[in-house]
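The following exercises are to be worked with the sequence and the coordinates at hand. Each task is followed by a solution set out in steps.

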Amino acid sequence: MTGGQGAPTGTAGPANAVGAAGVTRPGVPAPGCALNRRLHLALEAADLVGVGAVRRRLRAALGLWGVPELADTAELLTSELVTNALVHTGQGAVFDAVLTGDQRLRIEVQDGTARLPGRRRDPDTCATSGRGLLLVEALADSWGVQLRGDGKVTWFELATIVA
């Protein structure tokens with residue numbers, strides 16, 4: 001698995017933030033800076049162990065970004081989408097998380113196949129799979145699938161809780 005947390009896509013590690021006195025503090029994202037609220041990771045084909053690492057990195061990023069209340073739901077839905085991409089396509093996956101300026105978390109999982117996810121079905125009560133997209137539909141504020149020239153992106157969004 002490769003990628004960077006809290007930095008622009010393609011760079012490793014968190015970006016630096018400028019403190020009140022103009023001093024740069026390593027590892028602290030600057031408030032309101034969209035570039036510091038992005039997590040980009042790539043997983044190799046069949047890297048199911050990497051799914052746990054994605055969850056841990058996402059939880060840490062959400063804490064740094066000041067929205068830890070999204071972590072449980074975001075981790076669960078991310079696990080479903082990343083696992084689906086790895087298991088059902090036989091290829092790797094690219095994971096992106098962005099906290100937008102309006103405090104919406106958008107998660108995207110790209111895979112290399114243009115095959116759309118299977119139709120929703122009612123899994124047997126004893127089935128050990130088949131509920132992933134049902135969970136995404138039930139828990140996400142919005143979600144969808146977008147076909148691209150090199151595959152597809154399955155995404156969901158979660159809004160932060162406004163006090």
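## Exercise 1: The nonpolar core

Task: In this predicted model, identify which residues of the largest nonpolar core touch the most other members, and state which elements give two or more residues to this core.

Solution. Step 1: The largest nonpolar core has 30 residues, and of these Leu62, Trp65, Phe95 and Leu105 touch the most other members.

Step 2: Two or more residues of this core come from each of strand 4 (38-43), helix 1, helix 2 (71-89), strand 5 (93-99), strand 6 (104-111), helix 3 (132-139) and strand 8 (151-159). Helix 2 gives the most, with seven residues.

Step 3: Take Leu105 as an example. Not counting residues up to four places away in sequence, Leu105 touches Leu62, Trp65, Leu70, Ala74, Ala97, Val98, Leu99, Phe156, Glu157 and Leu158.

Step 4: As background, nonpolar side chains in soluble globular proteins tend to be buried together.

## Exercise 2: Helix 1 and a buried threonine

Task: Describe the span of helix 1, list which of its residues are buried, and determine what Thr78 contacts.

Solution. Step 1: Helix 1 covers residues 49-64, 16 residues in total, and spans 24 Å from the first C-alpha to the last, which is close to the expected 22 Å. Gly66, with a positive phi near 85°, follows helix 1.

Step 2: The buried residues in helix 1 are Gly50, Val51, Gly52, Ala53, Val54, Leu58, Ala61 and Leu62.

Step 3: Thr78 is located in helix 2. Its relative accessibility is 1%, so Thr78 counts as buried, the cut-off being under 20%.

Step 4: With neighbours within four places in sequence left aside, the contacts of Thr78 are Val54, Leu58, Phe95, Ile107 and Phe156. Val54 and Leu58 also belong to the buried residues of helix 1.

## Exercise 3: Salt bridges

Task: How many salt bridges are there, and which parts of the chain does the pair Arg59 and Glu75 tie together?

Solution. Step 1: The count is seven salt bridges, taking a nitrogen-to-oxygen cut-off of within 4 Å.

Step 2: Arg59 pairs with Glu75, with 2.3 Å between the closest N and O atoms. Because Arg59 lies in helix 1 and Glu75 in helix 2, this salt bridge ties together parts that are 16 residues apart in sequence. Arg59 is partly exposed at 38% relative accessibility, whereas Glu75 is buried at 13%.

Step 3: Glu157 and Arg104 form a salt bridge whose closest N and O atoms are 3.0 Å apart. Since Glu157 is in strand 8 and Arg104 in strand 6, the pair ties together parts 53 residues apart in sequence. Glu157 is buried, with a relative accessible area of 15%, while Arg104 is partly exposed at 24%.

Step 4: Asp111 forms a salt bridge with Lys152, the closest N and O atoms again lying 3.0 Å apart. This pair links distant parts of the chain, with Asp111 in strand 6 and Lys152 in strand 8, 41 residues apart. Asp111 is buried, at 5% relative accessible area, and Lys152 is buried at 5%.

Step 5: Through shared partners, salt bridges join Arg104, Arg106, Glu108, Arg148 and Glu157 into one network.

## Exercise 4: A nonpolar surface patch

Task: Determine which residues make the nonpolar surface patch of about 250 Å², and locate Leu116.

Solution. Step 1: The patch is made by Leu116, Val145 and Leu147.

Step 2: Leu116 is found in the loop between strand 6 and helix 3.

How values were computed. Residues are numbered from 1 along each chain as its sequence is written. This is a predicted model: local features need pLDDT of at least 70, side-chain atom pairs count only at pLDDT 80 or more; totals for chains, interfaces and linings use all residues. Side-chain values use heavy atoms; hydrogens and water are left out. Helices (H or I, at least four residues) and strands (E, at least two) are DSSP runs, numbered from the N terminus. The expected span of a helix is 1.5 Å times one less than its number of residues. Buried means under 20% relative accessible area, exposed over 50%, partly exposed in between (1.4 Å probe, protein chains only). A nonpolar core is a set of buried Ala, Val, Leu, Ile, Met, Phe, Trp, Tyr and Cys residues joined through side-chain atoms within 4.5 Å. Contact means heavy atoms within 4.5 Å. Patches are made of residues with over 30% relative accessible area and no salt bridge: like charges are joined within 9 Å, nonpolar side chains (Val, Leu, Ile, Met, Phe, Trp, Tyr) within 5 Å. Accessible areas come from the Shrake-Rupley method with a 1.4 Å probe; for residues, only the protein chains shown count as cover. A salt bridge is a side-chain nitrogen of Lys or Arg within 4 Å of a carboxyl oxygen of Asp or Glu.
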